[in-house]
Number of protein chains: 2
Amino acid sequence: METKQMAMRARQAAYEMANLNAGIRNAALMGIADALDRNSQALFEANRTDLVRSQADGLATSLLKRLKFDQEKLSEVVSGLHSLVGLPDPIGRTQLATRLDAGLELYRVSCPIGVIGVIFESRPDALVQISGLAVKSGNAILLKGGSEAMETNRLLAKVINEAGCQFGLPDGWIGLMETREAVGQLLAMDDEIDLLIPRGSNEFVRYIMDNTRIPVLGHADGVCHLYIDRACDPEMAITVAMDSKTQYVAVCNAVETILIHSALSEKLLPELAKALRDAGVQIYGCQRTCAAINCDPVSDWHTEYLDCQVSIRLVDSADEAIEHINRYGSGHTEAIVTAQEETARHFLSHVDSGNVFWNCSTRFSDGFRYGFGAEVGISTSKIHARGPVGLDGLMTYQYRLLGHGQIVGEYAGGQKKFIHEPIDRDYPL
Amino acid sequence: METKQMAMRARQAAYEMANLNAGIRNAALMGIADALDRNSQALFEANRTDLVRSQADGLATSLLKRLKFDQEKLSEVVSGLHSLVGLPDPIGRTQLATRLDAGLELYRVSCPIGVIGVIFESRPDALVQISGLAVKSGNAILLKGGSEAMETNRLLAKVINEAGCQFGLPDGWIGLMETREAVGQLLAMDDEIDLLIPRGSNEFVRYIMDNTRIPVLGHADGVCHLYIDRACDPEMAITVAMDSKTQYVAVCNAVETILIHSALSEKLLPELAKALRDAGVQIYGCQRTCAAINCDPVSDWHTEYLDCQVSIRLVDSADEAIEHINRYGSGHTEAIVTAQEETARHFLSHVDSGNVFWNCSTRFSDGFRYGFGAEVGISTSKIHARGPVGLDGLMTYQYRLLGHGQIVGEYAGGQKKFIHEPIDRDYPL
């Protein structure tokens with residue numbers, strides 16, 4: 001099917017999705033989970049075809065690993081679908097209710113955004129995750145996966161679409177685009193697509209952000225910082241630093257730069273350096289750090305290593321740390337270790353990032369750890385959604401005003417006056 | 001001062017603005033109001049210079065009217081500043097509080113977006129309004145006004161800046177750009193400006209939206225619809241239609257197209273046509289409407305007349321009306337007049353616009369009428385803010401996590417488990 005036609009079908013389906021009750025959407029989620037289980041062997045086979053072809057094409061080992069869709073990945077996504085069923089329905093929540101005047105009631109009601117575009121690299125499990133989020137939130141989706149996962153994606157989309165429709169989702173609620181031109185077409189469809197979610201490498205996300213007028217939910221960089229204050233428990237500082245850097249190096253909420261108060265250069269700095277080096281982490285330092293622990297100089301404070309590497313800088317105050325972070329950070333996650341509440345308060349309220357932590361690891365920055373139940377992504381934008389984004393990120397709202405023939409002329413003319421009092425009930429229709 | 005330098009000063013000022021307490025920001029609002037009153041004669045004189053020059057330059061009468069800044073306009077903006085003081089402080093509100101585990105507390109706290117860029121045509125009162133909103137919300141602002149209002153804008157910005165700083169706002173919290181190149185520079189500063197608010201004609205706003213990567217708060221078009229259902233009180237239908245179309249024709253929430261159930265073509269349609277024509281409104285119709293009331297055919301259902309003109313179309317069902325609206329509307333405001341609750345429910349939940357009304361005029365779509373106290377603008381976007389936008393539209397939030405040395409390793413390893421329970425207190429720092 002042509003891209004444009006698919007988008008118009010999705011738009012139409014979106015109106016119907018928004019009006020399905022929670023029972024149907026939850027049943028569809030269960031039905032999709034079952035269908036995936038039932039078709040597991042065919043899915044694994046399609047994935048083997050992709051793996052064999054991609055290996056022959058010379059795809060990097062790390063990408064082959066992400067391309068793999070086996071029983072473990074299937075179990076994960078199926079359990080993800082089940083957990084979505086248990087979450088409260090995000091549609092139709094009354095967010096505000098005001099009586100403008102007798103018999104003139106204003107309600108702000110949550111509703112789905114409409115059509116979500118998803119562009120993802122490699123990982124076919126992303127297709128299942130995002131389809132599940134779309135069903136739960138009542139949005140239609142248009143998907144474009146990487147050509148390396150072509151066979152897996154095609155079968156996944158078919159199984160998910162058929163199961164969804166069988167349980168009452170409207171035709172066209174999910175569309176998979178396969179042509180080479182589809183990415184460009186998706187990026188240009190700002191009339192048809194309300195929100196884009198890219199899933200892939202930083203370069204990939206940056207490319208998407210730079211080449212579309214559609215709002216993008218996500219982040220390109222995660223240049224996270226940890227500041228170790230003069231007044232800190234050194235043991236806590238080292239524990240938090242090690243977890244922030246080494247617990248999982250390839251993720252966006254791992255620390256890339258550690259800022260250390262210069263009063264700690266003689267004792268804590270060498271201890272931390274030893275712990276980092278023992279864990280196989282290579283250190284790059286500012287001039288004073290290099291002098292203190294003999295390491296290579298930092299080439300660029302903007303660097304996101306995503307690897308066993310870290311930058312260290314000595315600073316003379318919390319304010320210098322804050323300035324460094326606001327200058328070089330990407331607005332993702334920053335932490336301070338300090339025993340002083342006043343310093344923590346100042347740091348948390350002056351650092352301009354989505355997530356700011358006191359005395360704990362940057363690695364906590366995550367929708368599941370935050371208890372959101374589902375994660376749509378992590379946003380470094382300040383508009384719409386910031387930080388880890390749950391189902392709310394796929395919702396917007398609508399003002400609904402219920403009257404009895406009221407006109408503005410009477411209020412403009414002074415015959416009637418607005419009363420603006422809160423109403424203690426939910427949207428009644 | 002150079003544009004780039006001004007933007008960097010604003011960014012720095014934004015960090016300080018975000019941390020001023022409400023008392024200082026409210027005192028600054030009062031101080032600015034007083035300073036404007038004190039400098040009224042100089043302001044009116046500057047404005048006369050602008051008016052004389054613009055008249056000589058041949059500026060259209062309607063634009064000259066908007067350019068005028070006299071005692072009436074001054075009193076309006078000063079009273080607007082006073083009313084901002086009375087609104088609750090939008091900064092530092094706890095939106096969510098969750099105990100992730102013992103001694104590990106997550107708070108979501110509201111904070112200003114940062115640097116707001118404002119580009120406006122003609123009306124100097126817009127400069128005062130938006131400066132007041134920025135102070136109340138703790139944002140820094142960069143302004144670019146039209147060259148026709150140069151002298152007025154320059155003096156307004158000077159008075160507002162000096163009064164603000166005198167009451168404790170940081171240097172650089174407001175910046176006025178005056179060069180011809182400034183608009184292009186503003187639009188390109190997506191690293192320095194977090195949100196753009198354009199104020200001016202539709203073409204002007206459309207131009208801004210099409211030429212920047214910065215998120216834009218606003219709307220270009222207001223193609224609003226009224227659907228008159230078969231089952232309606234004809235008197236109410238005509239009253240609501242007349243108010244929606246004629247109460248003030250030049251505004252975005254006035255109706256441009258009236259959709260009427262075809263069963264009403266013999267009685268209600270001619271009655272409404274007579275009322276509209278008596279009020280000086282020219283009617284353009286679909287084929288059936290033209291046949292029924294003898295009018296010119298509609299040339300384009302997308303047209304926003306903003307004038308004493310209206311399009312009328314006969315439809316055979318509420319669904320046909322909904323389809324028309326979702327196809328030709330701009331997502332602003334749509335109303336239905338019907339006596340049937342089920343039809344109203346269906347209409348309100350299927351029309352994809354920011355504001356959907358039952359049995360009342362489209363003209364109610366407005367932040368002041370909604371009781372928001374202040375209006376930043378009306379948004380037809382579904383992202384960030386939709387419909388009339390109050391101070392909330394200038395706010396974002398930050399996740400703040402307070403711990404005691406917790407690391408993710410212990411949770412990933414299973415030694416500790418998240419508890420995710422709500423906390424019944426506000427952010428404590």
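This is a short walk through a predicted model with two chains, A and B.

Let me start with chain A on its own. It has 15 helices and 17 strands. Its C-alpha atoms fill a box of roughly 75 × 70 × 35 Å along the principal axes. Of its 429 residues, 54% count as buried. Now the contacts in chain A with a separation of 6 or more. Residues 24 or more positions apart account for 72% of those.

Next, one sheet in chain A. Which order do its strands take? The order is E5-E4-E3-E6, so to speak an open sheet of 4 strands, with parallel pairing. Strand E5, residues 174-177, and strand E6, residues 195-199, stand at the edges. Each has a single partner strand, so one side of each has no neighbour in the sheet. On average, neighbouring strands here are turned by 20° against each other, direction ignored.

Take one pair from that sheet. Strand E4 of chain A, residues 140-144, is joined to E5(A) by 4 bridges, and the two run parallel. If you want a residue to click on, try Leu142(A). Its bridge partner in E5(A) is Gly175(A). Helix H1 of chain A, residues 3-17, lies across E3, E4 and E5 of that chain. H1 runs at about 150° to E4(A).

Now the two copies. Chain A can be laid on chain B with an RMSD of 0.0 Å. That takes a turn of 180° and a shift of 0.0 Å along the axis. The two copies are thus related as by a two-fold rotation axis. Which residue of chain A comes closest to that axis? His384(A) does, with its C-alpha at 1.8 Å.

On to the interface. Chain A puts in 60 residues, and chain B puts in 60 residues. Several elements of chain A each supply at least two residues to the side that touches chain B, including strands E1 and E2 and helices H10 and H14. Strand E16(A) gives the most, with 11 residues. By class, this side of chain A has 27 nonpolar, 23 polar and 10 charged residues. Why do we say that the copies meet through the same surface? Because 100% of the interface residues of chain A are also interface residues in chain B.

There is strand pairing between the chains too. E13(A) is joined to strand E16 of chain B, residues 395-406, by 5 bridges. These two strands run parallel. Within that pair, Phe357(A) has Leu401(B) as its bridge partner in E16(B).

Over to a helix pair in chain B. The axes of H10, residues 234-246, and H11, residues 268-278, come within 10 Å. They cross at roughly 35°. Is the crossing left-handed or right-handed? For H10(B) and H11(B) it is right-handed. From H10(B), the contact residues include Ile238(B), Ala241(B) and Met242(B). From H11(B), they include Leu268(B), Leu272(B) and Leu276(B). By class, this contact of H10(B) with H11(B) has 9 nonpolar, no polar and 2 charged residues.

Last stop, Asn294(B). It sits in the loop between helix H12, residues 287-293, and strand E10, residues 296-297, of chain B. Is Asn294(B) buried or exposed? Asn294(B) counts as exposed, because it has 11 C-beta neighbours inside 10 Å, and the cut-off for exposed is 12 or fewer. The C-alpha atoms of Asn294(B) and Pro270(B) are separated by 9.7 Å. Along the chain, those two residues are 24 apart.

Note on methods. Residues are numbered from 1 along each chain as its sequence is written. Chains are lettered from A and ligands numbered from 1 in the order in which they are written. This is a predicted model: local features need pLDDT of at least 70, side-chain atom pairs count only at pLDDT 80 or more; totals for chains, interfaces and linings use all residues. Copies are superposed by least squares on the C-alpha atoms of residues with pLDDT of at least 70 in both. Two residues are in contact if their C-beta atoms, placed from the backbone, lie within 7 Å. Two strands pair if DSSP finds at least two bridges between them. Axes are lines fitted to C-alpha atoms, for helices over the stretch in contact, and angles run from 0 to 180 degrees between N-to-C directions. Ala, Val, Leu, Ile, Met, Phe, Trp, Tyr, Cys and Pro count as nonpolar, Asp, Glu, Lys and Arg as charged, and the others, Gly among them, as polar. A residue is buried if 20 or more other C-beta atoms lie within 10 Å of its own, exposed if 12 or fewer, and partly exposed in between; C-beta atoms are placed from the backbone. A crossing is left-handed if the near helix is turned anticlockwise from the far one by less than a right angle, and right-handed if clockwise.
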